[in-house]
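The following report examines the architecture of one protein model, beginning with strand pairing and ending with the overall dimensions.

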Amino acid sequence: MNTEIDLLSPLKRYFGFTSFRPLQEEIIRDSLAGRDVFALLPTGGGKSLCFQLPALVREGLTLVVSPLIALMKDQVDALQAAGIAATFLNSSLTSEESRKRLRGLHAGEYRLLYVAPERLLLSGFLEDLQGWNLRLIAVDEAHCISEWGHDFRPEYRQLAQVRALFPAVPCMALTATATERVRADIVTHLQLHEARSYVASFNRPNLAYRVLPKQHPYDQLLAFLRERPQEGGIVYCMARKTTERVAANLTEDGVPARAYHAGLTPEERSRNQELFLRDDVRVVCATIAFGMGINKPNVRFVVHYDLPKNIEGYYQETGRAGRDGLPGECVLLFSPGDVVKQQVFIDEKPSEQEQRVAREQLQQMVHYAESRVCRRVELLRYFSEIYPDDNCGACDNCLSPRETFDGTIPAQKLLSCVYRIREKSGFAVGLNHVVEVLTGAATEKVLKWGHTQLSTYGIGTELHRPAWATIGRELIRLGYLRQNAAKFNVLELTDEGLAVLKARAPITLTMPATAPAKQSRQSGDIACDEVLFARLRDLRKRLADERDVPAYIIFSDVSLRQMARAYPADERAFAQISGVGERKLREFGASFMTEIATFLAGHPRQTFTEDTAAPPARPPKRGLGDSARESLRQFRAGKTVDQIAGDRGLVVGTISAHLTEGIEHGEELDLDRLLTADEQKLIAAAFERCGLGNIGGAVEFCGGALDYGKFRLYRAALNRRAATEKA
């Protein structure tokens, strides 16, 4: 790889960072070496930097294919604010503005050009591109090229023509969400040649997930928002009318909100989106038409007012919260009635194949909503990733585990009903029909098929239909029933279900979900002077309005919270703040330092100890895995981390993670063997400045001299020592 190229200097100069996020540097160096690259990084994982930084350290033009006009303008505004020559071409420009930008491209004035895929085939564009010294093709939101992706766009298939015209120009494909099938599709359709593939973890540790029973949903939403008067976010709804109704009601109740859906005019959509991006409204109530690629980092919550159609879309939508690394909340209001609504839409699909796929996806979504295991475990499992623990400490099922009860009798009734229906009719039926038989309904099909004569007819009148449907879905999850997707999701007894039915074996079921215990501080939060933070946020808004850009173009919430923690008083201290590059230091440093000095003239300076910024204590873990135990054994035998990694064929970061996990489980390890005295002093100073909950900021404070693993080891040892002293 191009190890001789200095990347840290332009990283700090233009973007204000002193270290890379995981995988960024490897992706960038491979691209600079002329290799095709596939990169799957989670939302907020820094995908854009992977093609933006290479554009600054070599001559020529980087072409960025992006699906949304709003995203192009957003990123170009941010790049220009950092002093980077970037532009876009799309239908929002006047003819004169387009000609002006084309003249600049012919003159070599730009490093980055953003276009939509449709632009590529406009008359003369590819010919022009051949004269612009093209050095990299970056395809953002690359999952759009696959018909198996959640947002397939046929026009993305045109990108193959660009690859054919520029066979020697490397291509970088980037996405935040893709199953293994979609990943393979991307590589094939973009004709990536011997591509280096980088797949980061899908885990978003700063996001908290919860599912609430949907009861009077508007009242639930309003109460949620009133508990967070300074925060903004997105509310996803199934229907356009719902977005408009909820937005209007929220505005009337004092929460500024706007609707966003495909039925609005382009001007209305653009205006409402802009109001949200600029923090002029707190909430956007939207269908799934909103949000792909929106670069607003300080979305603090995402609420799903209705049930999403599939997990991949749900993950993508929740991923719009907390892109800045600060805490974000993801709330799903779940009702069995929403399942029925989705099934109606599925039945209207034109082909059986589409219906079958949609039913499978819906079943997975319902399984997630009703599951009693860790939400994070369930989400990551969908993407073929194994979460190393069974308790994340940041979802409702982990914070407030649901109670169980002896469900043997209702389970026996339902299993028996499935068996009797098949025995009498010779065919299986869906869950809804089984519930109708149990509750004694006299529907057309129940009467037509003679199911009123069954011994199980009407034996379940003690429960309402939604309760029986919930029990049925849990029996599916437990493996006692299965839904045959090839036969319209009819219910069938499994061998295990037949065995427990005949043996009358006890079956444990789960109580319905309730609101979880409230979390005071989430992982990734930065303790700071909240009053000063509010004043800095107001200043940021004024400066942004003067420049006609969204507020986060000036500085992110992370930057403001670090300012409100460190109280920088001179340029040297201000330059240490994450996100402060040369251009922003010159343009905004004086304004923010003056605001801080004015504030301190009338308010005392707060002191932030390590404890005030520490992340919440995690629930007790249930034991180390075999691999971690082996690393611990070898470490105790006297081997270094490097030696263990070499012997086991693992990377150093994995061994560090094993030892960190051991410390968190109460294992005593000699920190002096893991970190030198100088390293410990440096890490202690960084955590004192940035807080224990902000490892990324601590790494940047140290100039990237130490990797993340060492900070985690030190923090685990510190927390362990504090716990021991308290005990």
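## Pairing of β1 and β6

In this predicted model, strand β1, spanning residues 37–40, runs parallel to strand β6, spanning residues 171–175, and 4 bridges join the two. Within this pairing, Phe38 lies opposite Ala173 of β6.

## The seven-stranded sheet

Both strands belong to an open sheet of 7 strands, ordered β3-β4-β2-β5-β6-β1-β7 and paired in the parallel sense. The edges are occupied by β3 (86–89) and β7 (196–199); each has a single partner strand, so one side of each is left without a neighbour in the sheet. From one strand to the next, the twist averages 15°.

## Helices packed on the sheet

Helix α3, formed by residues 47–57, packs on the sheet and touches β2 (61–65), β4 (112–115), β5 (134–139) and β6. The direction of α3 makes about 155° with that of β6.

Helix α5, formed by residues 95–106, also packs on the sheet, where β2, β3 and β4 are touched. Its direction makes about 130° with that of β3.

## The two sides of α8

Which residues of helix α8 (residues 180–189) are buried? They are Val182, Arg183, Asp185 and Ile186. Viewed down the axis of α8, the buried residues fall within an arc of 160°, and therefore they line one face of the helix. These buried residues pack against β1, β6 and β7, a set that includes the edge strand β7.

On the other side of α8, Glu180 and Thr188 are exposed. Just after the helix, Gln191 adopts a positive phi of about 55°.

## Overall dimensions and burial

The secondary structure of the whole protein amounts to 32 helices and 17 strands. For 727 residues, a compact globule would be expected to have a radius of gyration near 27 Å; the value for the protein is 28 Å, which agrees with that expectation. Taken along the principal axes, the C-alpha atoms fill a box of roughly 85 × 70 × 55 Å.

Of the 727 residues, 55% are buried. Among contacts with a separation of 6 or more, 74% involve residues 24 or more positions apart. The accessible surface comes to about 31900 Å², and carbon and sulfur atoms account for 50% of that area.

Definitions and conventions:
Residues are numbered from 1 along each chain as its sequence is written. This is a predicted model: local features need pLDDT of at least 70, side-chain atom pairs count only at pLDDT 80 or more; totals for chains, interfaces and linings use all residues. Side-chain values use heavy atoms; hydrogens and water are left out. Two strands pair if DSSP finds at least two bridges between them. Helices (H or I, at least four residues) and strands (E, at least two) are DSSP runs, numbered from the N terminus. Axes are lines fitted to C-alpha atoms, for helices over the stretch in contact, and angles run from 0 to 180 degrees between N-to-C directions. Contact means heavy atoms within 4.5 Å. The radius of gyration is taken over C-alpha atoms; the globule rule is 2.2 Å times the number of residues to the power 0.38. Buried means under 20% relative accessible area, exposed over 50%, partly exposed in between (1.4 Å probe, protein chains only). Accessible areas come from the Shrake-Rupley method with a 1.4 Å probe; for residues, only the protein chains shown count as cover. The arc is that of the directions from the helix axis to the C-beta atoms.
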